[in-house]
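Trainee: Please pick a single part of this model and take a close look at it. After that, set out the rest of the chain around it in one connected account.

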Amino acid sequence: MPDISEIIAKARPRELTVRICLAGDVAAEVDRLEAELQDVSQWQSESIADENPGLRLAEQIKDARERMRQAEAEFTFRALGDRAWSDLVAKHPGKTEEDAWDPDSLAPALVSACAVEPVMTAEQVGELFEVLNQGQRQQLIDAAWQVNGEATPVPFSLHASAILASHTGEK
């Protein structure tokens with residue numbers, strides 16, 4: 001059985017990476033193309049020379065979705081230690097006695113404090129939040145909370161297990 005010194009030496013803070021698409025204009029294009037595709041979903045060919053208009057739209061959607069993937073940025077967060085967490089929360093006291101902290105000021109400070117790739121100051125988080133929508137901001141905030149607040153179990157991947165099982169012939 002290892003002693004606590006060995007366990008501490010092996011311990012690493014939890015990390016979490018999220019991807020956010022920064023191409024809001026391309027997301028709108030995909031939405032528009034999806035609506036157009038829905039509009040032609042009942043199309044019927046009148047001759048063998050007719051080409052399904054959905055094919056052109058599906059190709060455009062595929063291309064736009066690839067542009068969205070290319071416009072994704074990765075953000076990696078690392079858990080704060082106990083003292084750093086406590087100090088950060090203390091710097092953002094709640095507005096009332098019932099509130100442990102002020103979520104409006106703590107959230108961007110937490111994103112900044114936990115961001116390891118890219119590194120961001122609180123001011124830069126504020127600038128980023130000005131161009132992201134609420135869902136994207138929440139995705140970053142949630143990642144910073146998760147990396148600090150959730151346990152780190154060994155995850156089960158159904159997809160990876162299925163691939164491995166099919167490769168080895170197991171069922």
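**A cis proline and its surroundings**

Mentor: Pro118 sits in the loop between β3 (115-117) and α6 (122-131). The peptide bond that leads from Glu117 to Pro118 is cis, and its omega is near -5 degrees. Helix and strand names here follow DSSP runs numbered from the N terminus, a helix being H or I over at least four residues and a strand being E over at least two.

Before going on, the terms of the model need stating. This is a predicted model, in which local features need pLDDT of at least 70 and side-chain atom pairs count only at pLDDT 80 or more, while totals for chains, interfaces and linings use all residues. Residues are numbered from 1 along each chain as its sequence is written, and side-chain values use heavy atoms, with hydrogens and water left out.

The loop belongs to a chain with eight helices and three strands. Read from the N terminus, the order is α-β-α-α-β-α-α-β-α-α-α. The radius of gyration of the protein is 23 Å, whereas a compact globule of 171 residues would have one near 16 Å; the value is taken over C-alpha atoms, and the globule rule is 2.2 Å times the number of residues to the power 0.38. The C-alpha trace spans about 75 × 50 × 30 Å along its principal axes.

Of the 171 residues, 26% are buried. Buried stands for under 20% relative accessible area, exposed for over 50%, and partly exposed for what lies in between, with a 1.4 Å probe and protein chains only. Contacts, meaning heavy atoms within 4.5 Å, are largely long-range in sequence: among those with a separation of 6 or more, 71% join residues 24 or more positions apart.

Next, helix α7 (residues 134-149), which holds Gln136. Gln136 has a relative accessible area of 16% and is buried. Outside its neighbours within four places in sequence, Gln136 is in contact with Ile20 and Cys21. Both fall within the range of strand β1, residues 15-21. Helix α7 also holds Asn148, which is partly exposed at 23% relative accessibility. Once neighbours within four places are set aside, Asn148 is in contact with Ala79, Leu80, Trp85, Leu110 and Cys114. Asn148 and Asp82 are 66 residues apart in sequence, and their C-alpha atoms are 9.4 Å apart.

Ala79 comes up again at Pro13. Pro13 lies in the loop between α1 (4-10) and β1 and is partly exposed at 47% relative accessibility. Not counting residues up to four places away in sequence, Pro13 touches Arg78 and Ala79. By contrast, the C-alpha atoms of Pro13 and Asp39, 26 residues apart along the chain, are separated by 50 Å.

Arg78 leads to the charged pairs. A salt bridge is counted when a side-chain nitrogen of Lys or Arg is within 4 Å of a carboxyl oxygen of Asp or Glu, and this rule gives eight of them. In one, the side chains of Arg78 and Glu15 meet at 2.7 Å, N to O. Because Arg78 lies in strand β2 (residues 72-78) and Glu15 in strand β1 (residues 15-21), the pair ties together parts that are 63 residues apart in sequence. Arg78 is partly exposed at 34% relative accessibility, and Glu15 is partly exposed at 41%. A network of salt bridges links Arg19, Glu72 and Glu74.

Another pair, Arg32 and Glu36, meets at 2.5 Å, N to O. Arg32 and Glu36 are four residues apart in helix α2 (residues 24-39), so about one helical turn separates them. The relative accessibility is 44% for Arg32, which is partly exposed, and 28% for Glu36, also partly exposed. In the salt bridge of Lys95 with Asp104, the closest N and O atoms are 3.2 Å apart. Lys95 counts as exposed at 62% relative accessibility, and Asp104 counts as exposed at 56%.

Two totals complete the account. The 16 positive and 31 negative charges have mean positions 6 Å apart; Lys and Arg count as positive and Asp and Glu as negative, with His and the chain ends not counted, and each charge is placed at NZ of Lys, CZ of Arg, CG of Asp or CD of Glu. The protein exposes about 12,300 Å², of which carbon and sulfur atoms supply 54%; the areas come from the Shrake-Rupley method with a 1.4 Å probe, and for residues only the protein chains shown count as cover.
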